[in-house]
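Thanks for coming, everyone. Please have the sequence and the model open. I'll keep this short.

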Amino acid sequence: MSDKLRVGVLGATGMVGQRFIDLLNNHPWFEVTTVAASPRSAGQTYEKAVEGRWKMENPIPESVKNLVVKNVNEVEEVASEVDFVFSAVDMSKEEIKAIEEAYAKTETPVVSNNSAHRWTEDVPMIVPEINPEHAEVIEAQRKRLGTKRGFIAVKPNCSIQSYAPALTAWRSFEPYEVVVSTYQAISGAGKTFKDWPEMEGNIIPFIGGEEEKSEREPLRIWGKVEDGKIVPSDEIKITAQCIRVPILYGHTATAFVKFKKNPTKEQLIEALKNFSGEPQKLNLPSAPKQFIQYMEEENRPQVQLDVDFENGMGVSIGRLREDSVYDYKFVGLSHNTIRGAAGGGVLCAELLTAKKYITKKEQ
Ligand SMILES: NC(=O)c1ccc[n+]([C@@H]2O[C@H](COP(=O)([O-])OP(=O)(O)OC[C@H]3O[C@@H](n4cnc5c(N)ncnc54)[C@H](OP(=O)(O)O)[C@@H]3O)[C@@H](O)[C@H]2O)c1
């Protein structure tokens with residue numbers, strides 16, 4: 001029997017679920033043993049369930065093709081087959097909250113891509129390079145849930161990954177006011193151009209709930225753990241506009257920043273290039289070697305050229321320059337379904353495994 005941790009993917013047939021399946025193929029620590037989705041897909045082989053809607057560039061992994069899809073709602077059955085699960089189901093917020101908690105209570109850790117638990121006080125929302133120490137709240141959460149192994153950890157929204165890493169690298173210069181606009185890919189809505197032809201040559205100036213997430217989630221990531229809760233930071237104000245653009249993969253952000261200290265452009269660029277964290281130190285399997293790259297060319301980062309930097313796990317920043325109203329402005333780019341969704345989730349699970357929060361269940 002393999003030493004790898006047995007993994008279940010909830011919502012395995014969707015856009016993010018497929019990305020999990022793709023990224024976990026031949027993973028050195030994790031092996032997908034169970035796939036689950038809605039009752040519509042349950043009972044079919046995975047290959048049949050995603051027929052005509054497989055969206056990845058790589059083919060469906062051989063090891064997953066013939067797994068029979070389970071019903072996400074059959075919690076005990078799914079939990080009995082796995083050491084932990086990734087969650088990427090699309091249900092109502094209340095249903096997701098309840099089902100993720102039900103999995104945790106079966107002593108199955110849940111690493112979630114969903115927003116439902118992002119503001120539950122004792123649930124860590126982790127970008128492994130930025131706030132790995134937030135995993136500490138898991139102990140308080142386990143006490144509340146009455147579990148020994150089970151817990152929920154989440155990753156933040158895809159939109160923030162194009163600018164929050166840069167702001168984190170600059171925190172010693174005390175950024176305190178940020179205006180950001182995001183230009184978000186259609187895959188962020190689980191869609192391709194085939195599913196959403198109206199997006200060809202179009203821009204839609206609204207993404208439900210996205211501006212609030214883009215303004216608030218970075219504050220929680222920069223927060224502190226106090227008495228078993230995460231208390232968000234109040235040091236930075238962010239205002240955001242989020243726009244859907246006709247791009248398949250890759251969220252771009254343009255941001256204006258005011259700093260309390262007066263950094264030079266060179267200092268800011270150095271801080272970006274030198275920024276790294278626990279995943280690099282621990283050499284986690286999915287960690288990018290360079291988390292943030294700075295691009296000197298005036299016309300970079302570009303989605304077509306740069307979205308796959310570090311296999312989609314790195315963030316590209318460019319066009320940093322002084323501004324006449326704010327102190328500086330810049331452009332950022334990240335891969336929304338890799339760093340922003342499934343890849344961020346896999347890296348989070350690797351961190352939690354390295355820190356022994358996720359372990360093999362006794363069998
Ligand atoms: N796309 C992104 O870049 C992105 C980024 C961050 C967060 N998210 C979030 O991640 C979640 C999944 O997004 P997605 O884009 O992958 O969505 P999606 O492509 O629509 O996939 C949804 C998945 O959930 C399953 N599902 C739907 N209704 C269900 C039900 N009633 N009971 C059980 N399973 C159900 C679907 O199963 P069937 O195939 O059987 O219907 C499918 O596996 C959403 O909450 C989304 O907001 C997405």
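One definition before we begin. When I say helix or strand, I mean a DSSP run: H or I over at least four residues for a helix, E over at least two for a strand, numbered from the N terminus. On that basis, Arg319 sits in strand β13, residues 315–322. And please keep in mind that this is a predicted model.

Let's stay with Arg319 for a moment. Its phi is positive, about 55°, although Arg319 is not a glycine. Is Arg319 buried or exposed? In fact it is partly exposed, with a relative accessible area of 36%.

There is another residue of this kind. Lys356 is not a glycine, and its phi is positive, near 65°. Find Lys356 in the segment after α12, which covers 338–354. Lys356 counts as exposed, at 63% relative accessibility.

One more backbone point. Look at Arg300 and Pro301. The peptide bond joining them is cis, with omega about 0°. Pro301 is in the loop between β12 (292–295) and α11 (303–306).

Now the ligand. Where does it sit? The space it takes is the largest pocket. There are 24 residues around the ligand. Which come nearest? Thr13, Ser38, Arg40, Ser41 and Asn114 do.

Let's go through some polar atoms there. Start with Ser38. An N or O atom in the side chain of Ser38 is 2.6 Å from an oxygen atom of the ligand. Next, Gly11. Here the partner is the backbone: a polar backbone atom of Gly11 is 3.2 Å from a ligand oxygen. Then Ser187. A polar backbone atom of Ser187 is 2.9 Å from a nitrogen atom of the ligand. How much of the ligand does the protein cover? On its own, the ligand has 900 Å² of accessible area, and the protein covers 81% of that.

Go back to Thr13, one of the residues that come nearest the ligand. Its backbone oxygen lies 2.9 Å from a polar side-chain atom of Gln18. Gln18 is in helix α1, residues 15–24. Gln18 is buried, with a relative accessible area of 0%.

A second glutamine is worth a look. Gln184 is in strand β7. Gln184 is buried too, with a relative accessible area of 1%. What does the side chain of Gln184 contact? It makes a polar contact with the side chain of His251, at 3.5 Å.

On to charges. Side chains of opposite charge can pair when their charged atoms come close. How many salt bridges does the structure hold? The count is 23. I'll show three.

First on my list, Asp195 with Lys55. Their closest N and O atoms are 3.6 Å apart. This pair links distant parts of the chain, 140 residues apart. Asp195 is in the loop between β7 (175–184) and α8 (210–221). Lys55 is in the loop between α2 (46–49) and α3 (62–65). Asp195 is partly exposed, with a relative accessible area of 36%.

Next, Lys65 with Glu62. Their side chains meet in a salt bridge, 3.0 Å from N to O. Both residues lie in helix α3, three residues apart, about one turn of the helix. Now check the burial. Lys65 is buried, because its relative accessible area is 19% and the cut-off is under 20%. Glu62 is exposed, with a relative accessible area of 59%.

Last, Asp122 with Arg144. The closest N and O atoms are 2.6 Å apart. Asp122 lies in the loop between β5 (110–112) and α6 (138–145), and Arg144 lies in helix α6, so the pair ties together parts that are 22 residues apart in sequence. Asp122 is buried, with a relative accessible area of 8%. Arg144 counts as partly exposed, at 42% relative accessibility.

Which residues join Asp122 and Arg144 in a network of salt bridges? Glu101 and Lys105 do.

To recap. The ligand takes the space of the largest pocket. The protein covers 81% of the accessible area that the ligand has on its own. The structure holds 23 salt bridges, and one of them, Asp195 with Lys55, links distant parts of the chain. That's it from me.

Technical notes. Residues are numbered from 1 along each chain as its sequence is written. This is a predicted model: local features need pLDDT of at least 70, side-chain atom pairs count only at pLDDT 80 or more; totals for chains, interfaces and linings use all residues. Side-chain values use heavy atoms; hydrogens and water are left out. A salt bridge is a side-chain nitrogen of Lys or Arg within 4 Å of a carboxyl oxygen of Asp or Glu. Buried means under 20% relative accessible area, exposed over 50%, partly exposed in between (1.4 Å probe, protein chains only). A residue is near a molecule or strand if one of its heavy atoms lies within 4 Å of it. A polar contact is a pair of N or O atoms within 3.5 Å; within protein, one must be able to donate a hydrogen and the other to accept it, and residues adjacent in sequence count only if both atoms are side-chain atoms. Accessible areas come from the Shrake-Rupley method with a 1.4 Å probe; for residues, only the protein chains shown count as cover. On a 1 Å grid over the protein atoms alone, a cavity is a set of points where a 1.4 Å probe fits but cannot get out, and a pocket is an open set with protein on both sides within 12 Å along at least five of seven lines; lining residues have an atom within 4 Å of a point. A molecule sits in a cavity or pocket if more than half of its atoms lie within 2 Å of its grid points.
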